[in-house]
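Let's take a look at how this chain packs together, going from helix pairs to single residues. Have the viewer open as you read.

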Amino acid sequence: MSFSEYVVSRWDTLSLAAAEHALVVAIAMAVATAVGVLIGLLFHDSPRARGGAIAASAAVLTVPSLALLTLLIPITGLGWGSTLVALTAYAFLPIIRNTVTGLRGLDAATVEAGRGMGLSRTRVLLQVQLPLAWPLILTGVRVSAQMLIGIAAIAAFVDGPGLGTQIFEGLSRLGSVNSLNATLAGTLGIVVVAILFDLFFYAVSRLTTPRGLRVRP
């Protein structure tokens with residue numbers, strides 16, 4: 001069976017796996033973005049707190065994904081639970097770091113101008129600093145999303161959702177009929193999901209960021 005015939009014959013399975021792959025990454029990114037940006041907003045002015053947050057999120061990335069997923073099984077079980085916790089944990093570093101960097105890299109005169117207009121510290125943070133730092137924050141979110149799309153494939157080891165199942169299935173039957181097709185279908189499917197996510201963030205960047213503030217990842 002050729003690769004194209006394999007894809008056509010298993011289109012329902014592949015499309016469902018791709019949708020699950022995208023969904024688990026999207027949920028993890030939504031949680032990580034909300035929490036990560038909040039941590040950056042709260043701790044960017046405190047050297048010890050922001051250093052601790054960045055160090056902790058960086059330490060998570062040193063843990064091999066397969067090991068972390070395995071360690072989570074007794075706590076969150078197989079499937080979606082362990083996958084979501086692991087992906088969310090891996091997403092934090094670029095988001096927190098870029099939020100802190102974006103907020104701390106603003107021109108002090110701009111911040112003082114906001115305070116001079118009578119805005120409270122919280123309103124300056126939310127209405128002046130956050131919008132100006134948004135392009136860099138979005139870049140961190142974009143990088144995290146691309147990273148998670150690849151890591152999500154490993155979640156098949158703990159019965160997680162997504163295209164990783166196709167890859168693991170193909171590798172486990174290497175040399176047998178359609179083993180290469182299954183591996184290739186899973187791999188190319190992940191590439192397609194990554195491209196779609198990047199196009200989405202590109203569109204968000206174009207819609208929410210003034211031309212002069214856009215930042216390339």
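Start with α4 and α5, whose crossing is right-handed (clockwise turn of the near helix from the far one by less than a right angle; anticlockwise would be left-handed). Their axes sit 9 Å apart at an angle of about 130 degrees, which makes α4 oblique to α5. On the α4 side the contact uses S65, L68, L69, L72, I73 and T76, and on the α5 side G81, S82, T83, V85, A86 and Y90.

A few ground rules before going on. This is a predicted model, where local features need pLDDT of at least 70 and side-chain atom pairs count only at pLDDT 80 or more, while totals for chains, interfaces and linings use all residues. Residues are numbered from 1 along each chain as its sequence is written, and side-chain values use heavy atoms, with hydrogens and water left out.

As for terms, helices are DSSP runs (H or I, at least four residues) numbered from the N terminus, and contact means heavy atoms within 4.5 Å. Axes are lines fitted to C-alpha atoms over the stretch in contact, with angles from 0 to 180 degrees between N-to-C directions. Under 35 degrees is roughly parallel, over 145 roughly antiparallel, 65 to 115 roughly perpendicular, and the rest oblique.

The other pair is α2 with α9: the axes come within 10 Å and cross at roughly 45 degrees, so α2 and α9 are oblique too. This crossing is right-handed. Here L14, A18, H21, A22, V25 and A26 of α2 meet A185, I190, V193 and F197 of α9.

Which residues touch the most other members of the largest nonpolar core? They are V25, M29, L87, L148, I149 and F197, out of 41 residues. Two or more residues each come from α2 (11–43), α4 (65–76), α5 (80–104), α7 (121–151) and α9 (179–208). A second, separate core has five residues, including Y6, V7, L14 and A185. (A nonpolar core is a set of buried Ala, Val, Leu, Ile, Met, Phe, Trp, Tyr and Cys residues joined through side-chain atoms within 4.5 Å.) Back in the largest core, I149 touches H21, V25, I190, V193, A194 and F197, leaving aside residues up to four places away in sequence.

Now for some single residues. Buried means under 20% relative accessible area, exposed over 50%, and partly exposed in between (1.4 Å probe, protein chains only).

| Residue | Place | Relative accessible area |
|---|---|---|
| T139 | α7 | 10%, buried |
| V158 | loop between α7 and α8 | 1%, buried |
| D159 | loop between α7 and α8 (164–172) | 56%, exposed |
| Q166 | α8 | 6%, buried |

V158 is 80 residues from L78 in sequence, but their C-alpha atoms are 5.4 Å apart. Not counting residues up to four places away, V158 touches L69, T70, I73, L78, G79, S82 and T83. D159 has a positive phi of about 65 degrees without being a glycine. Most residues other than glycine have a negative phi.

Q166 makes a side-chain polar contact with the side chain of Y6 at 3.0 Å. (That's a pair of N or O atoms within 3.5 Å; within protein, one must be able to donate a hydrogen and the other to accept it, and residues adjacent in sequence count only if both atoms are side-chain atoms.) Beyond four places in sequence, Q166 touches Y6, T13, L14, A182, T183 and G186. In α7, a polar atom of the T139 side chain lies 3.0 Å from the backbone oxygen of P135.
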